[in-house]
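User: I've got this one open in the viewer and would like a close look at a single part of it. Could you pick a spot, and then walk me through whatever surrounds it in one connected answer?

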Amino acid sequence: MIEYILLDLDDTILDFKWAENQALTGTLTAFGIEPTEEVCSRYREINWDFWHALERKEVTREQLKVGRFRQLLSELGKEGDPAAMGEMYLQRLGHGHCFLPGALETLNVLKEKYRLFLVSNGNISVQQGRLESAGIAPYFENIFISEAVGVNKPDKAFFDHCFGAIDGFRREESIIIGDSLTSDIKGGLDAGIRTCWFNPKGKPSRPDIRPHYEIRSLKELQSIL
């Protein structure tokens with residue numbers, strides 16, 4: 001029986017790609033760079049590499065924030081201040097929100113039956129801004145943001161911190177739901193709880209990371225739980 005549900009935020013509840021596009025195009029334009037699809041696509045690839053490096057503890061959060069724009073500027077042959085770009089991007093990223101299909105309806109159903117907790121690898125100011133905009137903070141008994149915790153998913157220490165802060169927590173009655181195999185699912189598996197991979201686009205799985213469940217739509221959660 002499930003009682004405790006840990007939910008990721010970006011690309012599980014809120015559409016991060018929408019927020020990223022709004023923040024990125026505004027930042028690039030402000031610094032005199034045309035936000036073409038090619039440029040934005042390359043940024044996303046660089047950003048993805050930096051986030052995976054952060055999960056592996058190969059870079060710090062500050063190195064990620066600045067390094068992704070430094071690398072983009074270098075590849076484009078452009079002059080600019082990557083630190084200032086990183087700050088502007090984060091400020092813009094924390095404004096506004098867009099729910100994924102069925103996300104709000106799912107939260108309304110889950111909150112009536114389960115204890116909900118948010119687990120995010122994002123920045124404090126960014127995630128607080130987006131949560132406030134979306135108005136969903138009250139759905140969660142507690143909100144765990146990696147920058148505040150001091151360690152990132154999938155590190156077991158992140159989950160140990162969360163579990164220790166949840167009154168009466170029992171691993172056997174918990175599940176984590178998220179879109180990332182490398183942070184949400186691997187983290188949940190290493191922490192000894194059940195896992196559900198939210199995979200709406202049918203991305204290929206990995207033989208070394210096997211979730212207990214896989215869903216294409218958030219509405220499928222009810223049948224699993």
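Analyst: Let's start at Asn-123, which is in the loop between β2 and α6 (124-134). Keep in mind that this is a predicted model. Is Asn-123 buried or exposed? With a relative accessible area of 12%, Asn-123 comes out as buried, because the cut-off for buried is under 20%. If you set aside its neighbours within four places in sequence, Asn-123 is in contact with Arg-61, Leu-90, Ile-145 and Glu-147.

One of those contacts, Ile-145, takes us to β3, which covers 142-145. β3 runs parallel to strand β2 (residues 115-120), and four bridges join the two. To find the register in the viewer, look for Leu-118, which stands opposite Ile-143 in β3.

Now zoom out to the whole sheet. It's an open one with six strands and parallel pairing, and the order reads β3-β2-β1-β4-β5-β6. β3 and β6 are the edge strands, each with a single partner, so each has one side without a neighbour in the sheet. From one strand to the next, the twist averages 20°.

Next, head along that order to β4. Strand β1 (residues 4-7) pairs with β4 in the parallel sense over four bridges, and Leu-6 has Ile-176 as its bridge partner in β4. On to the next pair: β4 and strand β5 (residues 194-198) are also parallel, again over four bridges. Ile-176 turns up here too, standing opposite Thr-195 in β5. To get from β4 to β5, the chain goes through helix α9 (residues 181-191), and this β-α-β crossover is right-handed. Another pair to click on is Gly-178 and Trp-197, which stand opposite each other, with Trp-197 in β5.

How many of the five residues of β4 are buried? Five of the five in β4 (residues 174-178) are, so the strand is largely enclosed by the rest of the structure. As a reminder, side chains in a regular strand alternate between the two faces of the sheet. In β4 both faces are covered: Ser-174, Ile-176 and Gly-178 are buried on one side, and Ile-175 and Ile-177 are buried on the other. β5 is mostly covered as well, with four of its five residues buried. Beyond β5 comes strand β6 (residues 213-215), which pairs with β5 in the parallel sense over three bridges; there, Cys-196 stands opposite Tyr-213 in β6.

That leaves the helix packing. Two packed helices are described by the angle between their axes and the distance between the axes. For helix α8 (residues 156-165) and α9, the angle is about 70° and the axes are 9 Å apart. α8 and α9 are therefore roughly perpendicular to each other. On the α8 side, the contact is made by Lys-156, Phe-159 and Phe-163. On the α9 side, the residues are Ser-183, Asp-184, Gly-187, Gly-188, Asp-190 and Ala-191. By type, this contact of α8 with α9 divides into three nonpolar, three polar and three charged residues.

And α8 brings us back to the sheet: this helix packs on it, touching β1, β2, β3 and β4, and its direction makes about 160° with that of β3. β2 is also the strand at one end of the loop that holds Asn-123, so you're back where you started.

Note on methods: Residues are numbered from 1 along each chain as its sequence is written. This is a predicted model: local features need pLDDT of at least 70, side-chain atom pairs count only at pLDDT 80 or more; totals for chains, interfaces and linings use all residues. Side-chain values use heavy atoms; hydrogens and water are left out. Buried means under 20% relative accessible area, exposed over 50%, partly exposed in between (1.4 Å probe, protein chains only). Two strands pair if DSSP finds at least two bridges between them. A crossover is right-handed if, with the strands pointing away from the viewer, the path from the first strand over the helix to the second runs clockwise. Axes are lines fitted to C-alpha atoms, for helices over the stretch in contact, and angles run from 0 to 180 degrees between N-to-C directions. Angles under 35 degrees count as roughly parallel, over 145 as roughly antiparallel, 65 to 115 as roughly perpendicular and the rest as oblique. Contact means heavy atoms within 4.5 Å. Ala, Val, Leu, Ile, Met, Phe, Trp, Tyr, Cys and Pro count as nonpolar, Asp, Glu, Lys and Arg as charged, and the others, Gly among them, as polar.
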